[in-house]
Each structure stands twice: as structure tokens, then as C-alpha cells.
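Me: I have a chain on screen and want to understand its fold and its charged pairs. Can we go through it step by step?

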Amino acid sequence: MGLLSVTDLSSQVKQYLVITGNYWAFTLTDGALRMLVVLHFYQLGYSPLSIAMLFLFYEIFGVITNLVGGWLGTSLGLNKTMNIGLAIQIVALAMLAVPADMLTVVYVMIAQALSGIAKDLNKMSAKSAIKLLVPKDAESKLYQWVALLTGSKNALKGVGFFIGGLLLTLIGFKGAMILMASLLAIVWVFSLIVLKEDIGKATNKPKFKDIFSKSPAINILSAARMFLFGARDVWFVVALPVFLAATFDLSHWWVGSFMASWVIGYGIVQSVAPYFTGKKKGVLPTGRAAFLWASYLTFIPAAIALALYFDFYIQASVILGLLIFGVVFAVNSSLHSYLIVSYADSDGVSLDVGFYYMANAMGRLIGTVLSGWVYQEFGLEACLWISSAFVAIAALLSLKLPNTYKAAVY
């Protein structure tokens, strides 16, 4: 197979940039929607567990979408899965732009299910495309690109949290839904016109049973990812914003701003994670790096839990501790994001990436449910102990990962 011409490569890069732009636009609405739902329904008097249940279908359908979406990406092309995701998110936002008395728990759960499907179609499309644009022998460049994409996405999600708190204050829940649906519709129309190439189609049409990974390395990494993200969301999704609002009597604006700042900082650290993990020495991360960084992370939520138990400067301990957690967690997440793209098979990459993010979604699902229930029954301290235990499991699983990326082949 000959080398791509400059014109062909330029065309591919342009298509990827459009996909990335779509991913960023979607991420802003996704972050804003999450903050709007948490704060609006807490304001309406919903319990922490009830709020967590609003996200249940979002996470369940995220699990399903990542499995099926990877197969769709290889069958239809990543441009089509991206546009389908954008369209579904517009429908989800429009569903929520109704009078308050129509926003029952079941109705909101259905809208959130659509949003979960949309989000994971977008994520799978963007992260799969990057594998196809970097030469196979340029692993260092692949790590940088993946870190930059992942970090910028999370920074923008943090901006979305900020926007969500601001919109709730300025124009209310319904007005925010209408505005976001309208702006995303413009992005969607642009995408339909510009995205024309079938990036990511497999040369051999994949069978549906191929959605399950055959790679031991990917299976182990996926299990570690599930526990890693469960460890974050067990306190982050419901417990933390409700704790901040209830314990410290903080306004929606302050809570939204803090959560936004945390995620923005987390995204920035993800973008520069290669510099923390040996890039200057020309060292690429391996399974051992994933183990070491997960080990460091294990102690942080435990330390915050101890501060809560001994009533040691609670506000400062929680806020400072979670900022430190964010930095170390960001490096862990960026390492994982690089490893999955490195391990993935180039022909039908979205199958492997989809399977991996299915595990990611499963971790979020477990964390979300536990975040509402454990916080309601036992408080933030218990959420943090579970977080520490989950990270420890992720670290132990990482011991089984290959110590060179070449060892991760099928």
C-alpha cells in the first residue's frame, strides 16, 4: 500500500479537526447539562439518591453504546457515528425544554439515556480517528495527541460545568436547554455538510460478535479503567456537589464554579501528562507506569476521609485534597487513554476503543449509583474510602499489563 499524498493527508487531517471540533462543542453541552440537572433537581428538593438515579440510564446506555458504537464505527464510518451522536444530543436537550411539571424522574432518565448514547458515540469517534492519523512507528507523537485531545475535552467539560451554573442562574433550566439545543443544531448542520469521508471503516466488514475484545492487554486495561473511573465518580457525580452545597451552604454559582475549575485543571494536567511520565527522557509509559501512578492515587481519598473523620479543617482538607486528587487522577487517565489507543488494532480501531470505553462507562455507572446511595446513607467519608479501594484494585490489575507497547499485540 503506497504512502498517502500530501493532499490526501491534508484531507484526513481536516476531517479529524472537524470531528474534534464537534467533540468539543458536544462536550460543552454535556458538562453544562450535568451541572444543570444536579443543581436544578437538588433545588427542587430531590434526595442525593434520586439525583443519582437521574443519571442511571445515561450511564447504562453509555455501556451499551460503547459496545455497539465501536461496531457501527467500523461499519458506517466515524463521520456518520459522530453526526448521529450530535443529532441525538439535540433531541435530548429539546426533551428537557418543557414545563417543570413534566420533568418527572422517568422522563428525565429517558432524556439522559439519549444524552448518554450521544456522548459515547462522539467520544468513540474522536478517539478512534486519532489512531488512523499517526504513523505506526510514532508512539511518542500518538501519546502527545491523545493526551492533548483528552485533556482539552475535559477542560471544556469543566467550562461546561461553569456554563451550566451560570445559565441556571441567568435564564433558568428551560431557557438553558433551548439555548444549548439551538447552538448544537448549528454545529450539526455544519458537520453534515463538511464531514464526507468514511474515516475508520474496517477493510474487512466486522461481525457483531467482534465487539468483545480478544486482546488480554485490552481486557486487563479495561477492567482497570472501570475501577479507576468508579473511584472518581463515587464522590464526584452527586456526593461532592451536594456536600458542598449542604455542608458549606454554598450557592449554585459557587458549586458550579468549583466543579468547573476542578475539571478544567484536570484537563490541563491531562494535556501535559507526557511530561510527568518520562517524555523528556524519551520514555513511553507502560503497564508499570499505570501501576505506579494508580498506587500514588490510592492514598489521596483515604487521606481526605481521615481528615473528615478527625474533623481536621474540613473545608480546606476537602477542597485541597480533591485538587491534589485531580492532578494525580489526570495523569492516570491520560496514561490509560494512550495505552488503549496504542494497544488497539489499526484495522477496526473503534471496536477496541469502544470495548474499552464500555468498561469506562460501566465504572461511571457503578460510581454514580454508589455516589447517591452511599452519600445519602453514610456520607462523603464513606464515598472516599470506596474510592481508595477502587483505585487500589485498578493498581493491582495494572500489574498484569505489558511492560512494552509491542507486547500488547493480539
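Reply: Start with a cut-off: buried means under 20% relative accessible area, exposed over 50%, and partly exposed in between, with a 1.4 Å probe and protein chains only. The model is predicted, so local features need pLDDT of at least 70, side-chain atom pairs count only at pLDDT 80 or more, and totals for chains, interfaces and linings use all residues. Residues are numbered from 1 along each chain as its sequence is written, and side-chain values use heavy atoms, with hydrogens and water left out.

Me: Is Asp 30 buried or exposed?
Reply: The cut-off for buried is under 20% relative accessible area. Asp 30 has 4% relative accessibility, so Asp 30 counts as buried.

Me: How many helices and how many strands does the chain have?
Reply: Helices (H or I, at least four residues) and strands (E, at least two) are DSSP runs, numbered from the N terminus. On that basis the chain comes to 15 helices and zero strands.

Me: What percentage of the residues count as buried?
Reply: The chain has 410 residues. Its accessible surface comes to about 16,200 Å², and 71% of that belongs to carbon and sulfur atoms (Shrake-Rupley method, 1.4 Å probe; for residues, only the protein chains shown count as cover). The share of residues that count as buried is 59%.

Me: Of the contacts with a separation of 6 or more, what percentage comes from residues 24 or more positions apart?
Reply: Contact means heavy atoms within 4.5 Å. Residues 24 or more positions apart account for this share of those contacts: 88%.

Me: How many salt bridges are there?
Reply: Side chains of opposite charge can pair when their charged atoms come close. The rule here is a side-chain nitrogen of Lys or Arg within 4 Å of a carboxyl oxygen of Asp or Glu. By this rule the count is five.

Me: Which residue meets Asp 30 in a salt bridge?
Reply: The N to O distance is 3.7 Å. Asp 30 lies in helix H1 (residues 6–43) and its partner in helix H6 (residues 139–170), so the pair ties together parts 127 residues apart in sequence. The partner is buried, at a relative accessible area of 13%. Asp 30 pairs with Lys 157.

Me: Which residue forms a salt bridge with Arg 364?
Reply: The closest N and O atoms are 3.5 Å apart. Arg 364 is in helix H14 (residues 349–378), and its partner is in helix H5 (residues 105–133), 244 residues apart. Both partners are buried. The partner of Arg 364 is Asp 120.

Me: Which residues are linked with Asp 120 and Arg 364 in a network of salt bridges?
Reply: Asp 120 and Arg 364 form a salt bridge. The network links them with Arg 34 and Glu 59.

Me: How far apart are N and O in the salt bridge of Asp 233 and Arg 232?
Reply: Asp 233 is buried at 2% relative accessibility. Arg 232 is buried too, with a relative accessible area of 10%. Their side chains meet, N to O, at 2.7 Å.

Me: Which residues does Gln 89 contact, leaving aside neighbours within four places in sequence?
Reply: Gln 89 lies in helix H4 (residues 78–96). Gln 89 is buried, with a relative accessible area of 0%. Its contacts are Phe 26, Thr 29, Asp 30, Leu 33, Ser 115, Ala 118 and Leu 184.

Me: What does Asn 22 touch, not counting residues up to four places away in sequence?
Reply: Asn 22 lies in helix H1. Asn 22 is buried, at a relative accessible area of 3%. Asn 22 touches Met 82, Asn 83, Leu 86, Asn 122, Val 187, Ser 191 and Leu 195.

Me: How many residues of H8 are buried?
Reply: Helix H8 (residues 216–236) reaches 30 Å from its first C-alpha to its last. That is close to the 30 Å expected (1.5 Å times one less than the number of residues). H8 is largely enclosed by the rest of the structure, because the buried count, out of 21 residues, is 15.

Me: Where is Phe 310?
Reply: Phe 310 counts as exposed, at 58% relative accessibility. Its place is the loop between helix H12 (287–309) and helix H13 (314–343).
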